[in-house]
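I opened this notebook to keep track of what I looked up and in what order. The entries below follow the strands, then a helix, then the charged pairs and the packing.

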Amino acid sequence: MDDAAFQQLLLREEDLEESFYGEEPSAAYDPAFVSGDASGQAIVDLTNMLTHGTHPDTVHHASALFTNVVGSVVFHHIARFGHGTCRQVYRELFDAVQACARYRMELNDGVRLDITRVGLGPVELGDGGFLVRWLSTVDHFRIETAWAIVAQDDILTFVNARVPEESEIQRLARVAVERVTELTGAS
């Protein structure tokens with residue numbers, strides 16, 4: 001599977017139940033760790049690595065970003081790793097999320113967010129996965145987000161959504177994982 005074919009694994013506008021439109025994933029999102037413990041730093045480093053496909057064992061990588069007029073956002077990142085690295089990256093990310101209750105990050109536009117983990121549980125997809133819910137605060141604004149991260153053979157799927165319903169992140173993760181299974185044969 002070449003890079004162009006790998007792009008076909010991404011979520012599409014028609015996969016989203018609300019009226020979303022696709023955008024170019026922006027470098028303006030790239031967070032920088034500001035404060036917290038080592039697990040918060042690991043989360044920022046690992047999510048940046050997944051966003052840009054910069055892990056040395058990344059074979060293929062693709063990202064998509066969708067937004068709508070009411071402020072909902074869906075990021076979808078997918079990476080294929082060589083040398084058995086997928087499970088290692090998944091484990092590092094899970095361990096960091098499990099250990100981290102709170103951290104602070106800054107976006108490239110200077111906005112600083114205080115991030116608090118408010119939920120963590122399994123997702124029964126692929127070779128296993130997890131769903132983590134976050135509450136981000138900036139000034140007086142509260143933003144709820146959820147991540148679904150699933151490993152399938154050598155492919156890691158990361159769906160990051162700012163949508164109100166937990167069922168929607170679960171549905172999007174299922175759609176993403178089923179597409180990987182359908183187009184690559186990964187279980």
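Which residue takes a positive phi in the hairpin of S7 and S8? I looked there before anything else, keeping in mind that this is a predicted model, and found that Asp139 does so, with a phi near 55° and 2 residues between the strands.

**Entry: the two loop aspartates**

I noted that most residues other than glycine have a negative phi. Asp139 has a positive value of about 55° although it is not a glycine, and I placed this residue in the loop between S7 and S8. With a relative accessibility of 72%, Asp139 counts as exposed, the cut-off being over 50%.

I then turned to Asp153, which is not a glycine either and has a positive phi of about 50°. Asp153 sits in the loop between S8 and S9, and at 41% relative accessibility I had to list Asp153 as partly exposed.

**Entry: strand S7 and its neighbours**

I went on to S7 itself, residues 129-138, and found the strand mostly covered, with 9 of its 10 residues buried. On one side I followed S6 (residues 112-123), which runs antiparallel to S7 and is joined to it by 9 bridges. Within this pairing, Arg117 has Trp134 of S7 as its bridge partner. S6 and S7 form a hairpin with 5 residues between them, and in that turn I found Gly126 with a positive phi of about 55°.

Next I looked at the pairing of S7 with S8 (residues 141-152), where 10 bridges join the two strands and the direction is again antiparallel. Here Arg133 stands opposite Ala146 of S8.

**Entry: charged pairs**

How many salt bridges does a search of the whole structure find? I obtained 7, and I wrote down three of them in detail.

The side chains of Arg179 and Asp15 meet in a salt bridge, at 2.8 Å from N to O. Arg179 lies in helix H4 (residues 166-184), whereas Asp15 lies in the loop between helix H1 (3-7) and strand S1 (21-23), so this pair ties together parts that are 164 residues apart in sequence. I checked both for burial, and Arg179 as well as Asp15 came out buried.

For Arg104 and Asp114, which also form a salt bridge, the closest N and O atoms are 2.7 Å apart. Because Arg104 belongs to strand S5 (residues 102-106) and Asp114 to strand S6, the pair links parts that are 10 residues apart in sequence. I recorded Arg104 as partly exposed, at 27% relative accessibility, and Asp114 as partly exposed with a relative accessible area of 27%.

I came back to Arg133 for the third pair, since I had already met this residue in S7: Arg133 forms a salt bridge with Glu144, and the closest N and O atoms are 3.6 Å apart. Arg133 is in strand S7 and Glu144 in strand S8, so the contact ties together parts that are 11 residues apart in sequence. Is Arg133 buried or exposed? With a relative accessible area of 13%, Arg133 is buried, while Glu144, at 46% relative accessibility, counts as partly exposed.

**Entry: helix H3**

I took the span of H3 (residues 85-99) next: the helix has 15 residues and reaches 21 Å from its first C-alpha to its last, close to the 21 Å expected. Its buried residues are Thr85, Cys86, Val89, Tyr90, Leu93, Phe94, Ala96 and Val97. I asked what covers them, and the cover includes helix H2 (38-52) and strand S4 (73-81), together with S6, S7, S8 and strand S9 (155-162).

**Entry: nonpolar cores**

The largest nonpolar core has 29 residues, and those with the most contacts inside it are Tyr103, Trp147 and Leu156. I found that H2, S4, H3, S5, S6, S7, S8 and S9 each supply at least two residues of this core, with H3 giving the most, 7 residues.

I followed Trp147 further and, leaving out residues up to four places away in sequence, listed its contacts, among them Ile43, Val97, Tyr103, Phe130, Trp134 and Phe158. Finally I noted a second, separate core of 28 residues, which includes Leu10, Leu131, Ala161 and Ile169.

Technical notes: Residues numbered from 1 in each chain as written. Predicted model: local features only at pLDDT ≥ 70, side-chain atom pairs only at ≥ 80, totals over all residues. Heavy atoms only, no water. Buried < 20%, exposed > 50% of the residue type's maximum accessible area, 1.4 Å probe, protein only. Helix = DSSP H or I, 4+ residues; strand = E, 2+ residues; numbered from the N terminus. Pairing = 2+ DSSP bridges. Expected span 1.5 Å × (residues − 1). Contact = heavy atoms within 4.5 Å. Salt bridge = Lys/Arg side-chain N within 4 Å of Asp/Glu carboxyl O. Core = buried A, V, L, I, M, F, W, Y, C linked by side-chain atoms within 4.5 Å.
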